[in-house]
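I opened the notebook to follow one sheet and the residues in it. My entries are below, in the order in which I looked things up.

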Amino acid sequence: LFDENKPKQIIFSYLYNNNCIGYGGLTHLDWEAKRAELSFLVDPRRAEDEKLYASDFNYFLTLLSEVLFDELHFHRLFAETFAFRHQTTVSYTHLT
């Protein structure tokens, strides 16, 4: 994966105080169309706290956006979620 010039995914560990609290990144990278799908998973205990989850997600998205748009010069980021993931749905809604 790290030797590929145009990998299909780029995944990062998400650290807080040097502890891994989640991971995520860019999946289904389409290098020609310059778009990627967002992946984000965080410790379930953090996900239960709506404000903490929103903060984690927004911070992660800010960092990921710098990689996607500023470094890779992509144009579009998309995501899917399930209806039962209320915190994720709320966070995505605030992005539009």
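What follows are my notes on the sheet, its strand pairings and two residues of one strand.

**Ground rules.** I am working with a predicted model, in which local features need pLDDT of at least 70 and side-chain atom pairs count only at pLDDT 80 or more, whereas totals for chains, interfaces and linings use all residues. I number residues from 1 along each chain as its sequence is written, and I take side-chain values from heavy atoms, with hydrogens and water left out.

**The sheet.** I looked up the strand order first and found 4 strands in an open sheet, β1-β2-β3-β4, with mixed pairing; strands are DSSP runs of E of at least two residues, helices are runs of H or I of at least four, and both are numbered from the N terminus. Two strands pair if DSSP finds at least two bridges between them. I noted β1 (10–16) and β4 as the edge strands, each of which pairs on one side only. The twist from one strand to the next averages 25°, with axes as lines fitted to C-alpha atoms (for helices over the stretch in contact) and angles running from 0 to 180 degrees between N-to-C directions. I then saw that helix α2 (residues 50–71) packs on the sheet, where it touches β1, β2, β3 and β4, and that its direction makes about 150° with that of β3; contact here means heavy atoms within 4.5 Å.

**Strand β3 and its neighbours.** I found 6 of the 8 residues of β3 (residues 35–42) buried, which means under 20% relative accessible area, while exposed means over 50% and partly exposed lies in between (1.4 Å probe, protein chains only). On one pairing, β3 runs antiparallel to β2 with 7 bridges, and Ser39 is the bridge partner of Gly25. Their hairpin has 4 residues between the strands, and Lys34 takes a positive phi near 60° there. With β4 (residues 76–78), β3 pairs in the parallel sense over 3 bridges; Ala36 has Leu77 as its bridge partner, and Glu37 stands opposite Phe78.

**Two residues of β2.** I looked up Thr27, which lies in β2 (residues 19–30), and it counts as buried because its relative accessibility is 14%. Leaving out residues up to four places away in sequence, Thr27 touches Lys8, Gln9, Ile11, Ala36, Glu37 and Ser39. Cys20 is also placed in β2, but it counts as exposed because its relative accessibility is 51%. With the sequence neighbours up to four places away not counted, Cys20 touches Ser13, Tyr14 and Leu15. I noted last that Cys20 and Val42 are 22 residues apart in sequence and 9.0 Å apart in space, C-alpha to C-alpha.
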